[in-house]
Amino acid sequence: KSAAEVLHSVGWVKLARDPLPVDGSTLAELRAAPYAPIFNGQSPGEAPLRHMGRHPAWAARFEAHFASALREEGMLACSDGSEKSVCDCYALRSLGLGADAAGGDPALAGRQPPHSDAPEPPGEGATWPLADADMPLSVMLGVMPNTGLWIFPAGCCGAECGGDAAGGDAAGGDAAGG
């Protein structure tokens, strides 16, 4: 099956290609980017665990890499023949879940908190559902050694965030989700 077929059948795909080379200077640029707390997944009054940052020094390089990889896999093609654009590349930084945030589950303690990337629900009169080829994509790349990306194509809340047995799949490298 093609990467696009896998994506449309299970909700995510790991691209079979060499990973994006992230050298020491790029890592330094990623670490030096300004980071700010992001909105998703934290309870009111909880200290932010998720942050995102962006800097033109590296964002354009990542966007070009992702565009090339997705184009080669046929994943930017829309149903009307146009092409999706790759934009808004951010670095995500999150703190590991402490024992309390992990609900006392030692398997979750230290794991990164869930991060959600989903389009806003359609507005009044919007065509929905969109054709598979027209759905927005999210692409994630782990840049730290041995990074595992837990993928929940049907969403993640509560006990569902516990890993394989609870509906999540682990992927490393370039992963795209629809």
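A residue is called buried here when its relative accessible area is under 20%. With that in hand, welcome to a predicted model of a protein with 178 residues, of which 28% are buried. Its secondary structure comes to 3 helices and 8 strands, and from the N terminus on the elements run α-β-α-β-β-α-β-β-β-β-β. Among the contacts with a separation of 6 or more, 62% join residues 24 or more positions apart. Below is a friendly tour, starting at the N terminus.

**Helix α1 and what follows**

- Helix α1 spans residues 3-10, and its residues Ala-3, Ala-4 and Leu-7 are buried.
- These residues sit on the same side of α1, because they cover an arc of only 100 degrees around the axis.
- Just after α1 comes Gly-11, whose phi is positive, near 95 degrees.
- Ala-3 also has a partner to look at far along the chain: its C-alpha atom is separated by 9.8 Å from that of Glu-72, although their positions lie 69 residues apart in the numbering.

**Helix α2 and its two sides**

- In α2, the buried residues are Thr-26, Leu-27 and Leu-30.
- Viewed down the axis of α2, these buried residues fall within an arc of 100 degrees, so they line one face of the helix.
- The face turned away from that buried side carries the exposed residues Gly-24 and Ala-32.
- What do the buried residues of α2 pack against? Their partners are β2 (35-37), α3 and β4 (91-94).

**How α2 meets α3**

- Helix α2 covers residues 24-32 and helix α3 covers residues 56-72; the two pack at an angle of about 115 degrees, with their axes 9 Å apart.
- Their crossing is left-handed.
- On the α2 side the contact involves Thr-26, Glu-29 and Leu-30, and on the α3 side Ala-57, Trp-58, Arg-61 and Phe-62.
- By type, the residues of this contact divide into 4 nonpolar, 1 polar and 2 charged.

**The nonpolar cores**

- The largest nonpolar core has 11 residues in all: Leu-20, Leu-27, Leu-30, Ala-33, Trp-58, Ala-59, Phe-62, Phe-66, Cys-89, Ala-91 and Leu-141.
- Both α2 and α3 supply at least two residues each to this core, and α3 gives the most, with 4 residues.
- Phe-62 is a handy residue to centre your view on: leaving out residues up to four places away in sequence, Phe-62 touches Leu-20, Val-22, Thr-26, Leu-30, Cys-89 and Leu-141.
- Another core lies apart from the largest one; this second core has 9 residues, among them Ala-4, Leu-7, Val-13 and Ala-69.
- Ala-4 and Leu-7 of this second core are also among the buried residues of α1.

**Two glutamates in α3**

- Is Glu-63, a residue of helix α3, buried or exposed? Glu-63 counts as buried, because its relative accessibility is 14%, below the 20% limit.
- Setting aside neighbours within four places in sequence, Glu-63 is in contact with Arg-54, Val-86, Cys-87, Asp-88 and Cys-89.
- Glu-72 also has its place in helix α3, but Glu-72 is exposed, because its relative accessible area is 58% and the cut-off for exposed is over 50%.

**Loop residues worth a look**

- Asp-88, one of the contacts of Glu-63, has its place in the loop between α3 and β4.
- The phi of Asp-88 is near 60 degrees, a positive value in a residue other than glycine.
- Asp-88 counts as exposed, at 53% relative accessibility.
- Leu-137 has its place in another loop, the one between β4 and β5 (138-141).
- At 23% relative accessibility, Leu-137 counts as partly exposed, because that class lies between the 20% and 50% limits.
- The C-alpha atom of Leu-137 is separated by 9.8 Å from that of Leu-70, and the two residues are 67 residues apart along the chain.

Note on methods:
Residues numbered from 1 in each chain as written. Predicted model: local features only at pLDDT ≥ 70, side-chain atom pairs only at ≥ 80, totals over all residues. Heavy atoms only, no water. Axes fitted to C-alpha atoms, helices over the stretch in contact; angles between N-to-C directions. Left-handed = near helix turned anticlockwise from the far one by under 90°. Contact = heavy atoms within 4.5 Å. Nonpolar A, V, L, I, M, F, W, Y, C, P; charged D, E, K, R; others polar. Buried < 20%, exposed > 50% of the residue type's maximum accessible area, 1.4 Å probe, protein only. Arc of directions from axis to C-beta. Core = buried A, V, L, I, M, F, W, Y, C linked by side-chain atoms within 4.5 Å.
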